[in-house]
Amino acid sequence: AMFVFIGAVSRSKAVLERARSEDNPLLIRRSKFAYSLFSTLLVFSLITLGVAILHVGCSYAVRDQNACLSNMRQLGMGLALYTQDYDEHLPPTKSGLEAVARDGRHLDGITSKCPSATSPFSYGMNAAIGGKSLADFENTSDVPELFEADALNLSFTGGLKDVTIERHSGSANIICLDGHSLHGNSLNLDKLKWTPSTQRKP
């Protein structure tokens, strides 16, 4: 009886070994299914992690661009108040925003640096409009007044070639003469009237 029992155990082990062998179609299918499930979960986890990191990065970028735009709108309001005080005339080209700051009434407490900038100052005034009267312009909605630039001081003035679009994923904040803002990029910046030619005749 003992030999019969030992023989049965041996046969059972042999059967289990065959069942566990790689030639067993059922185990092969289960192994493939388990491997596919693991791979799918791994890929899904990596994608989720990547999306989360990208979302955080985009959130910081949007926050900085909005803060920058807020700065420029306040500068634009200060510039508008200066223009009202000086018989509707804009600051001279050689002074730019420095003339507004020297006035001491319109730029107090306003930040002149973009959170994403590395230069001392972040904004410049359109040199082509310096010293001109608002009455000289037939249309002010497409004439840039302030733009993002790598400026060294508040008196920086320039034009299209001085606009920096590296801070906000290929775009730059622009304030036009009529006070409205826009996101300028390589597709629409050159369509603005940086050197206005359509002016009212005296």
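**Exercise 1.** In this predicted model, work out which way the residues of strand 4 point, and whether they are buried or exposed.

*Solution.* Begin with the directions: S171, N173 and I175 point one way from strand 4, while A172, I174 and C176 point the other way. This is the pattern to look for, because in a regular strand the side chains alternate between the two faces of the sheet. Next take the burial, for which the cut-off is under 20% relative accessible area; the residues pointing either way from strand 4 are all buried. Finally, since six of the six residues of strand 4 (residues 171-176) are buried, the strand is largely enclosed by the rest of the structure.

**Exercise 2.** Find which strands pair with strand 4, and in what sense.

*Solution.* On one side of the search, strand 2 (residues 144-151) pairs with strand 4 in the antiparallel sense over three bridges, and here L146 has I175 of strand 4 as its bridge partner. Then turn to strand 5 (residues 181-185), which pairs with strand 4, again in the antiparallel sense, over five bridges; in strand 5, the partner of I175 is S181. Strands 4 and 5 also form a hairpin, with four residues between them, and G179 in its turn has a positive phi of about 100 degrees.

**Exercise 3.** Describe the largest pocket by its volume and its lining.

*Solution.* Start with the volume, which is about 160 Å³. The lining consists of 13 residues, and G76, A80, E145, L177 and G179 lie nearest the centre of the pocket. Sorted by class, the lining has six nonpolar, four polar and three charged residues. Sorted by element, the largest share, six residues, comes from helix 2 (residues 25-85).

How values were computed: Residues are numbered from 1 along each chain as its sequence is written. This is a predicted model: local features need pLDDT of at least 70, side-chain atom pairs count only at pLDDT 80 or more; totals for chains, interfaces and linings use all residues. Side-chain values use heavy atoms; hydrogens and water are left out. On a 1 Å grid over the protein atoms alone, a cavity is a set of points where a 1.4 Å probe fits but cannot get out, and a pocket is an open set with protein on both sides within 12 Å along at least five of seven lines; lining residues have an atom within 4 Å of a point. Grid points are joined across faces, edges and corners, and a volume is the space filled by probe spheres set on the points. Helices (H or I, at least four residues) and strands (E, at least two) are DSSP runs, numbered from the N terminus. Ala, Val, Leu, Ile, Met, Phe, Trp, Tyr, Cys and Pro count as nonpolar, Asp, Glu, Lys and Arg as charged, and the others, Gly among them, as polar. Buried means under 20% relative accessible area, exposed over 50%, partly exposed in between (1.4 Å probe, protein chains only). Two strands pair if DSSP finds at least two bridges between them.
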